[in-house]
Amino acid sequence: MFLRPFCAVLGGLSLLLGAQLAQAAEVNLYTTREPALVKPLLDRFTEQTGTVVNTVFVQGGLAERLAAEGARSPADVAMVVDVGNLMELVDRNLSQPVESAALSAAVPAGLRAPDGRWFALSTRARAIYASRERISEADAARLTYEDLADPRFKGRVCIRSGQHPYNTALFSFLLVKHGESWLRDYLTALKGNLARRASGGDREVARDILAGLCDVGVANTYYVGLMLSGRGGDEQRRWGQAIRTVLPASGTMVNLSGAVVARHAPNRAEAVKLLEFLVSPEAQQLYAEANFEYPVRPDAALHPIVAGFGTLAVGDVPLPEIAAQRVRASRIVDEVGFDQ
Amino acid sequence: MKLLRVLAALCVIPVALPVLALLPAAAAGSGDLWPHLLRFVLPQALLESILLLAGVGMLVVTVGAGCAWLVSCYRFPGRKLFTGALMLPLALPTYVAAYAWLDVLHPAGPVQMALRRALGITDPRAIPLPEIRSLGGCVMVMGMVLFPYVYLAARAAFQTQGADALRAGRSAGAGGWLLFRRIGLPMARPAIAAGTALALLETLNDVGASEFLGVRTLTVSVYVTWITRSSLEGAAQIALLLLLLVGVVMLLERQGHRPGAHEAAHPARPELQPLKLPAALAATLFCAVPVLLGFVIPVAYLVWAAWQRIAQFGLPPDLGQWIGNSAFLAGLATLLALGCALLLAFTARRDRTAAEPGRAGVMLLRFGMLGYALPGGVAAVGLIIAFGGIDAALDPLGHWAPPLLSGSLAAVVLAYAIRFLAIPAGGLEAAYARLRREVDWSACAAGAGEARLFWRIHLPLLLPALSAAALLLFLDAMKELPATLLLRPLNTETLATALYAEAARGTYENGAIAALMLVLIGLPPILLLAMARRFFPAEAQPGRGLRMALAAGLPGMARPRKP
């Protein structure tokens, strides 16, 4: 009599608390990549290997969660966007070294840690969007990040918040190239050129160019793919058609999405297998098609829309260096009042 | 009484968890960050926060109290409809409203395109409409979504008290504006203040809408310090300072709020006075505009965007699961927080009505409200650190993997309850303030014990306030994002996280279906509350409290025993 409600409560509690039944083969993934992007990949992995992938999509705080869970953490793989976030996992000792011939062969040396503590899975370029209507093809082709601060673009530039990780990475890239006082002058001049307050997301640059609010801007390449593909409807295709995507020939800033094997991974073998799958030709192809990014495998084909952006001349600043200078760049953004 | 206080203290301890967990981080120091923050970041952020709060505050008080006054005191076309419809914006997360408004008002959006087509203009810059991505735009978007907090509180106050005062005022020849300013406003002041406090705390905590619209508030600074400046320490320090500030403001606000000062002598609804034509039309318009701006237009946009996605791809296959998870987590958190809040409010009440009135219960109640003042993401980080610590303490040898609390549904429910305890706690405190202390004294004199007093007298009388609090709580928990994102288990999506997953990659319109479901699920509780007001008029019946108090003291009289 007395036991029945007690059992019900206990059952309810175990449902609520973390206790989970062990399954056959599984791998647990913490990701800041959006589910819609990675799901097709993970489904394919499960199909091929029979290993179930459990995921949780987290944004800010992935590193904090891993750290707080410590040795009990169920996480096997952490997947993040932006080199700064990836390096944070490494710097806080939340990842572990991995030795894998398949990974070393697939990922070029600059896009992984020598000791296998991190691997890039895809890259994306920070491009310049230029109005097709108001900037000639020849002028657009010559554009560089440095040009955007030029007086000729007074009141014609759109960009998202200078403190967004995509922008601090770009400014960090420029900081390494040109030094601190140059960056300060550059950001001051760039702010003076803005058509509107630094706000919104990357896509708003294209939309605002279509609307005539501005003529040039800075945003990531894959948004153009998303817009031009028509996946977001005809309206967004018009936004994409309003702009040319310029990859500065003097050196384009490239950021990455990447992954680590978590320090306390309970399913380490499956975790390595998942990473190896993610850099396999098939997965790299899926990656390129799902989100219009650049595959890390040199032999993987680009999506036709991405190939249409032209040659990508990757700037010669190593990614870990960009990550290391990010905080300094973000302080200069504050000092010149870029977002105000 | 002692037991009550101990239980109440136990309820409040979890609220301290996120703060306690952040203290070590804050104490660890943030190097040379502060001079930088003080010089370049905080002054501007403080200014923008103050302007935003002032703007939203004025808007929610004007709209919320104004509409509540109109629907409570006058008869005009659409009054019945507006009584319920004015609550609808509650169902909409502020950041969704921000996305919707930008799309609607953008130069390449429907309004401006139609306007240009009608006027035969081709240049998109030709019509200089105000930019929504601005402080003013942010005030408009947030004010129009948050005013129902004030509306609900003010309406409850107008309807349950002071019919006498109003009648007296009217017979003395006062009308319209004078009546509102001299009788209505002072009478409902505590309720309006409580509602405004909720709306302003929500404004202060917001990151999504402000960041998207380009407003750099203190809370946005906390996030940037954490994420971009890579300093959790600095972020924790700013957040704790912010908390201190909010705590001081909350205490100051309560200073003028003497117990008993607003107890209604003869609670009764004011009689509705019919309005003549121009005034009636103005009243209709005054109530229609906020419903349009805060609900109809953004939701119409959502319907349109969702319809496009559904026509192309059908419904998301996991939609049912998202809805189930959202409703389950929010429902459980609502029950938990309501229970805690009842205990806290009752303890505070007993302290106040005791022969020697005490402050302990009141202090506990206040303290329980602080969870609402911490920015959501910071609270979430504090909680994940705290839960990690609890897991380690419960299981020092690491036998339980995965951990018991971290990344569990219980963690999410607990986080909601901690964050939103302020809503029922504040609502119940205000309701108790309107309940005469003689009720308690009579019941006790008639021999009712504490349990009987609570179950048979307080609870029925608190039901309207309780149900309003439950609604706000449930909706806020459903909309909650940062804690849900960070704390939930593997393979568990809610409507809010599914919506955010799209918003995070910039394609927020793909989240329209989830956003619309969030609104749709919020509708039945809102409608229920709007209708329920008619079914439990307990607060509105003069003398009922006292009669109940007397009846409760006499065993066997209150309810006939079953054979």
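**Entry 1: the two domains of chain B**

I began with chain B of this predicted model, where the C-alpha centres of domain 1 of chain B and domain 2 of chain B lie 26 Å apart. The assignment I used places residues 1-30 + 315-553 in domain 1 of chain B and residues 55-216 + 275-296 in domain 2 of chain B. I then looked up the contact between these two domains and noted 27 residues from domain 1 of chain B and 23 residues from domain 2 of chain B.

On the side of domain 1 of chain B that touches domain 2 of chain B, I listed the elements giving two or more residues, and these are helices H16 (376-394), H18 (422-433), H20 (450-479) and H23 (512-535) of chain B. H23(B) gives the most to that side, with 8 residues. Sorting that side of domain 1 of chain B by class, I recorded 20 nonpolar, 4 polar and 3 charged residues.

**Entry 2: a helix crossing in chain B**

I next followed H1 (residues 2-27) of chain B to H16(B), and found that their axes come within 7 Å and cross at roughly 85°. I therefore entered H1(B) as roughly perpendicular to H16(B). From H1(B) the contact is made by B:Leu17, B:Pro18, B:Val19, B:Leu20, B:Ala21 and B:Leu22, while H16(B) brings B:Ala379, B:Gly382, B:Leu383, B:Ile385, B:Ala386 and B:Gly389. By class I noted 10 nonpolar residues, 2 polar residues and no charged residues in this contact of H1(B) with H16(B).

**Entry 3: chain A against chain B**

Turning to the contact between the chains, I noted 54 residues from chain A and 58 residues from chain B. Several elements of chain A each supply at least two residues of the side that touches chain B, among them strand S2 (52-57), helix H2 (35-49), helix H7 (165-178) and helix H15 (319-335). H15(A) gives the most to this side of chain A, with 5 residues. By class, I recorded 19 nonpolar, 20 polar and 15 charged residues on the side of chain A that touches chain B.

**Entry 4: the two domains of chain A**

Lastly I looked up the domains within chain A, which are assigned as domain 1 (23-123 + 254-302) and domain 2 (125-251 + 311-335). Their centres, taken over C-alpha atoms, are separated by 28 Å, and the contact takes 12 residues from domain 1 of chain A and 17 residues from domain 2 of chain A. Helix H4 (83-91) and strand S9 (254-262) of chain A are the elements that give two or more residues to the side of domain 1 of chain A that touches domain 2 of chain A. I divided the residues of that side of domain 1 of chain A into 6 nonpolar, 4 polar and 2 charged.

Definitions and conventions:
Residues numbered from 1 in each chain as written. Chains lettered and ligands numbered in written order. Predicted model: local features only at pLDDT ≥ 70, side-chain atom pairs only at ≥ 80, totals over all residues. Domains from an automatic or database assignment. Contact = placed C-beta atoms within 7 Å. Helix = DSSP H or I, 4+ residues; strand = E, 2+ residues; numbered from the N terminus. Nonpolar A, V, L, I, M, F, W, Y, C, P; charged D, E, K, R; others polar. Axes fitted to C-alpha atoms, helices over the stretch in contact; angles between N-to-C directions. Parallel < 35°, antiparallel > 145°, perpendicular 65-115°, else oblique.
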